[in-house]
Every structure is written in structure tokens, then in C-alpha cells.
Amino acid sequence: MSSSASSSTAAASPDAASEGAESTESGGRKRPKPGERRVQILQALATMLEQPGAERVTTAALAARLDVSEAALYRHFASKAQMFEGLIEFIEQSVFGLVNQLGEREPDPVLRSRKLVTLLLQFGEKNPGMARVMVGDALVYENERLQQRMNLFFDKIESALRQNLREIAVLSSATTPTVDAQADASVITAFCMGRLQRFARSGFKRPPSENLDHGLRLLLPDGRL
């Protein structure tokens with residue numbers, strides 16, 4: 001997998017977890033430690049998803065990349081859907097871990113919201129394979145529950161933004177803070193999803209952070225408080 005959006009995210013990544021992993025069993029080489037093969041499978045899947053214009057990743061292609069049998073994959077994952085769930089868990093833990101830190105460390109709700117958008121887009125930019133999972137491009141032919149889980153991920157992002165924005169609306173004496181916050185959070189979440197989708201569908205040529213400061217000033221202007 002690519003490097004993550006921050007040092008905190010990197011510490012949680014399968015790359016970091018598998019650093020120094022041993023090689024495969026064949027050719028007299030040492031067996032991977034417990035759990036390392038599982039991480040290697042997820043790394044290989046994420047790497048294959050990073051190829052611009054990549055077709056649907058099959059278990060046969062994944063096994064060939066790892067130089068193992070398909071049966072060996074299923075000793076660690078019950079299905080390919082479970083492999084994708086492993087990637088989604090990584091996305092959730094990485095992003096929401098950072099969102100929680102923002103809630104604890106950033107008292108200004110405007111800056112907190114800007115930083116939330118920034119970390120989300122930077123995470124996708126630094127992990128292109130994950131960006132394809134986040135926007136659903138990699139999930140088109142997979143189990144429907146995977147897309148539902150990613151939908152829930154963005155619902156939680158919108159909820160976190162809505163909390164911040166309601167705080168902003170209350171501090172600025174808005175007459176309908178809850179309604180305003182809900183509408184604004186929806187627009188900002190759609191902006192994030194659109195940036196990530198453009199990144200994936202441009203073959204990773206249009207980074208999500210492109211002109212981001214300008215976009216943030218439009219969505220979350222300094223004078224909101």
C-alpha cells in the first residue's frame with residue numbers, strides 16, 4: 001500500500017504492520033509469521049487496485065501476484081469480499097482515528113472542518129488503491145454489502161462535519177443552526193466524494209488536493225464565526 005495521510009495513519013497501515021515480513025514458504029525460504037500472509041494479501045490487492053484503468057481484480061490474478069495458489073488465499077480469507085472488507089477496515093481505522101484526534105486537539109470548528117476535509121482527501125491521494133474502494137469503482141462487481149459499508153463511511157464523515165458546522169452556526173447566531181449544518185455538511189461531503197472520484201477516474205492524474213485551499217475558502221470561509 002502507499003504511504004498514508006499522516007504518520008498516525010502510517011502507523012496503522014498494513015505496510016507498517018508487515019515491515020520486515022518474511023518471504024513465501026517455497027524455495028527453502030522462511031514461512032511468514034502468523035498474520036503476515038493475511039497482510040501480504042491485502043497489500044497485493046491494494047497495489048493491484050493502484051494500476052490506472054485496472055480491470056476487476058480476480059483471485060487468480062491475486063494468487064499469481066503472490067506466487068501462491070488460490071486455495072492458499074482462502075486459508076486466510078473466506079471470500080474475496082472479506083479481503084475487500086480488510087481494506088475498508090483499514091480505511092475506517094485510519095481516517096476516523098485522525099478525525100477523533102481532530103476533535104480532541106482542534107477547538108476551532110472552522111479549522112476542524114477544513115482539516116477533516118484535508119485529511120480525507122490526502123488519505124485518498126496517498127493511497128490510490130484505497131481511493132478506488134472509497135468511491136466504489138473497485139466494488140462494482142463485488143458483494144453489495146461492501147458498497148453499503150462505504151456509504152456508511154461517508155455518512156459518518158457527513159455526521160462529523162454536521163457536528164462541527166452546527167457549532168459554527170450556533171456561535172454565529174444562525175436562526176436555524178441544525179438545518180444549516182445539515183445542508184452544508186451534505187454539500188461538503190459531496191465535494192469530497194467528487195474529488196476522490198475524479199482522482200480515481202482520471203487514472204490518478206487529477207489529485208484530490210488540487211486547488212484545495214481555494215475550495216476550502218469557498219466551502220468554509222474564514223468569516224463564518
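**Exercise 1. Determine whether Phe199 is buried or exposed, and characterise its aromatic pair with Phe204.**

*Solution.* Step 1. Phe199 has a relative accessibility of 3%. Buried means under 20% relative accessible area, exposed over 50%, and partly exposed in between, with a 1.4 Å probe and protein chains only. Phe199 therefore counts as buried.

Step 2. The structure is a predicted model, in which local features need pLDDT of at least 70, side-chain atom pairs count only at pLDDT 80 or more, and totals for chains, interfaces and linings use all residues. Residues are numbered from 1 along each chain as its sequence is written, and side-chain values use heavy atoms, with hydrogens and water left out.

Step 3. Rings of Phe, Tyr and Trp (its six-membered ring) pair if their centres lie within 6.5 Å; planes under 30 degrees apart count as stacked, over 60 as edge-to-face and the rest as tilted. The structure holds 4 aromatic pairs. In one of them, Phe153 and Phe154 have ring centres 5.1 Å apart and planes at 90°, so this pair is edge-to-face. The pair of Phe199 and Phe204, with 5.1 Å centre to centre and 55° between the planes, is tilted.

Step 4. Phe204 is buried at a relative accessible area of 17%.

**Exercise 2. State which residues form an aromatic cluster with Phe153, and whether Phe153 is buried or exposed.**

*Solution.* Step 1. One aromatic cluster is formed by Phe96, Phe153 and Phe154.

Step 2. Phe153 has 1% relative accessibility and so counts as buried. Phe154 is also buried, with a relative accessible area of 4%.

**Exercise 3. Describe how helices α6 and α9 are oriented and which residues join them.**

*Solution.* Step 1. Two packed helices are described by the angle between their axes and the distance between the axes. Helices (H or I, at least four residues) and strands (E, at least two) are DSSP runs, numbered from the N terminus. Axes are lines fitted to C-alpha atoms, for helices over the stretch in contact, and angles run from 0 to 180 degrees between N-to-C directions.

Step 2. The axes of α6 (residues 80-105) and α9 (residues 144-171) come within 10 Å and cross at roughly 5°. Angles under 35 degrees count as roughly parallel, over 145 as roughly antiparallel, 65 to 115 as roughly perpendicular and the rest as oblique. The two helices α6 and α9 are therefore roughly parallel to each other.

Step 3. Contact means heavy atoms within 4.5 Å. On the α6 side, the residues that meet α9 include Phe84, Ile88, Ile91, Val95, Phe96 and Val99. On the α9 side, they include Leu146, Met150, Phe153, Ile157 and Ala160.

Step 4. By class, this contact of α6 with α9 has 12 nonpolar, 1 polar and 6 charged residues. Here Ala, Val, Leu, Ile, Met, Phe, Trp, Tyr, Cys and Pro count as nonpolar, Asp, Glu, Lys and Arg as charged, and the others, Gly among them, as polar.

**Exercise 4. Identify the buried residues of helix α11 and what covers them.**

*Solution.* Step 1. Within α11 (residues 212-219), the buried residues are Leu212, Gly215, Leu216 and Leu219. They cover an arc of only 100° around the axis, which puts them on the same side of α11. The arc is that of the directions from the helix axis to the C-beta atoms. An α-helix has 3.6 residues a turn, so residues three or four places apart point the same way.

Step 2. Exposed residues Asp213 and Leu218 are carried on the face of α11 turned away from its buried side.

Step 3. The cover over the buried residues of α11 includes α7 (109-126) and α10 (177-201).

**Exercise 5. Locate Pro208 and Asn211, and establish whether each is buried or exposed.**

*Solution.* Step 1. Pro208 is found in the loop between α10 and α11, and at 0% relative accessibility it counts as buried.

Step 2. Beyond its neighbours within four places in sequence, Pro208 is in contact with Leu121, Glu125, Arg195, Leu196 and Phe199. Pro208 and Leu196 are 12 residues apart in sequence and 5.8 Å apart in space, C-alpha to C-alpha.

Step 3. Asn211 also lies in the loop between α10 and α11. Asn211 has 58% relative accessibility and so counts as exposed. Its phi is near 50°, a positive value in a residue other than glycine.
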